[in-house]
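Let's take a friendly walk through the helices and charged pairs of this chain. Have the structure open as you read.

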Amino acid sequence: MIFVAVGTQFPFDRLIRCVDEWAAAQGIEVLAQIATGGYLPKHARYERFMTTEVFNTALQQASLIISHAGMGNIITAIESSKPIIVMNRQYELGEHRNNHQADGLEWMAKLPGVYTAKTCEDLRILLDQHDSLSAGSQLGHERRQRLINFIDQAIRA
């Protein structure tokens, strides 16, 4: 099962539509958390918002996570040894207040088990390889702190 999470602050219809259309063509099970999105998936199961318990259960059952470029989801995927595809919201498309997510994609791609997509086509290419995407190794306290330090330095660069 593939789990898609867009966060709770903004909808991300472009991401949800792209995954939904790909899943229909592939016959793959998808569960999506769509927030206040206007696009309602036709092929994926979805919930607008999830309790922490439901979110964590979906995450543990998933073989792949797809997310907006939110650090919480990225760290959770790495800590859970799940590969994650990150797609950024784009300011130019009215998906966010600014382009900070686009600015972060380059350094996010350097994280273990994190794959990045700027466009639906990029996302489809990665989804076609979903069985071969590997997760980063689980983080102990020391590795978690190094990851946080890396992210902090990348954000300040």
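A helix axis here is a line fitted to C-alpha atoms over the stretch in contact, and angles between axes run from 0 to 180 degrees between N-to-C directions. With that in hand, we can look at a pair of helices in this model, which is a predicted one.

**Where α1 meets α5**

Helices α1 and α5 pack with their axes 10 Å apart, at an angle of about 40°. The two helices are therefore oblique to each other, and their crossing is right-handed. Which residues make up this meeting place? From α1 come L15, C18, V19, E21, W22 and Q26, while α5 brings C120, L123, R124, L127 and D128.

**The buried side of α5**

Helix α5 spans residues 120-128, and its buried residues are C120, L123, L126 and L127. These residues sit on the same side of α5, because they cover an arc of only 120° around the axis. What do the buried residues of α5 pack against? Their partners are the helix α1 (13-26) together with the strands β1 (2-5), β4 (64-68), β5 (84-87) and β6 (114-117). Two of the buried residues already named, C120 and L123, are also among the α5 residues that meet α1.

**Charged pairs**

Side chains of opposite charge can pair when their charged atoms come close. How many salt bridges does the model hold? The count comes to three, and the table sets them out.

| Pair | Closest N to O distance |
|---|---|
| R124 and E21 | 3.5 Å |
| E29 and R45 | 2.9 Å |
| E121 and R124 | 3.9 Å |

Start with the salt bridge between R124 and E21. R124 belongs to helix α5 and E21 to helix α1, so this pair ties together parts that are 103 residues apart in sequence. Both residues also appear in the list of α1 and α5 residues that meet. R124 has a relative accessibility of 28% and counts as partly exposed; E21, at 38%, counts as partly exposed too.

R124 has another partner in E121. Here E121 and R124 both lie in helix α5, three residues apart, which is about one turn of the helix. E121 is partly exposed, with a relative accessibility of 44%. Taken together, E21, E121 and R124 are linked in a network of salt bridges.

That leaves the salt bridge of E29 with R45. It links distant parts of the chain, 16 residues apart: E29 is in the loop between α1 and β2 (30-33), whereas R45 is in strand β3 (residues 45-47). E29 counts as partly exposed at 44% relative accessibility, and R45 is partly exposed with a relative accessible area of 46%.

**The two faces of α2**

Helix α2 (residues 52-61) has F55, A58 and L59 as its buried residues. They cover an arc of only 100° around the axis, which puts them on the same side of α2. Which exposed residues does the face turned away from the buried side carry? That face of α2 carries E53 and Q61. On the buried side, the residues of α2 pack against β1, β2, β4 and α3 (71-79).

Finally, it is worth comparing the partner lists of the two helices. Strands β1 and β4 are among the elements packed against by the buried residues of α5, and β1 and β4 are also among those packed against by the buried residues of α2.

Notes: Residues are numbered from 1 along each chain as its sequence is written. This is a predicted model: local features need pLDDT of at least 70, side-chain atom pairs count only at pLDDT 80 or more; totals for chains, interfaces and linings use all residues. Side-chain values use heavy atoms; hydrogens and water are left out. Buried means under 20% relative accessible area, exposed over 50%, partly exposed in between (1.4 Å probe, protein chains only). Helices (H or I, at least four residues) and strands (E, at least two) are DSSP runs, numbered from the N terminus. The arc is that of the directions from the helix axis to the C-beta atoms. Contact means heavy atoms within 4.5 Å. A salt bridge is a side-chain nitrogen of Lys or Arg within 4 Å of a carboxyl oxygen of Asp or Glu. Angles under 35 degrees count as roughly parallel, over 145 as roughly antiparallel, 65 to 115 as roughly perpendicular and the rest as oblique. A crossing is left-handed if the near helix is turned anticlockwise from the far one by less than a right angle, and right-handed if clockwise.
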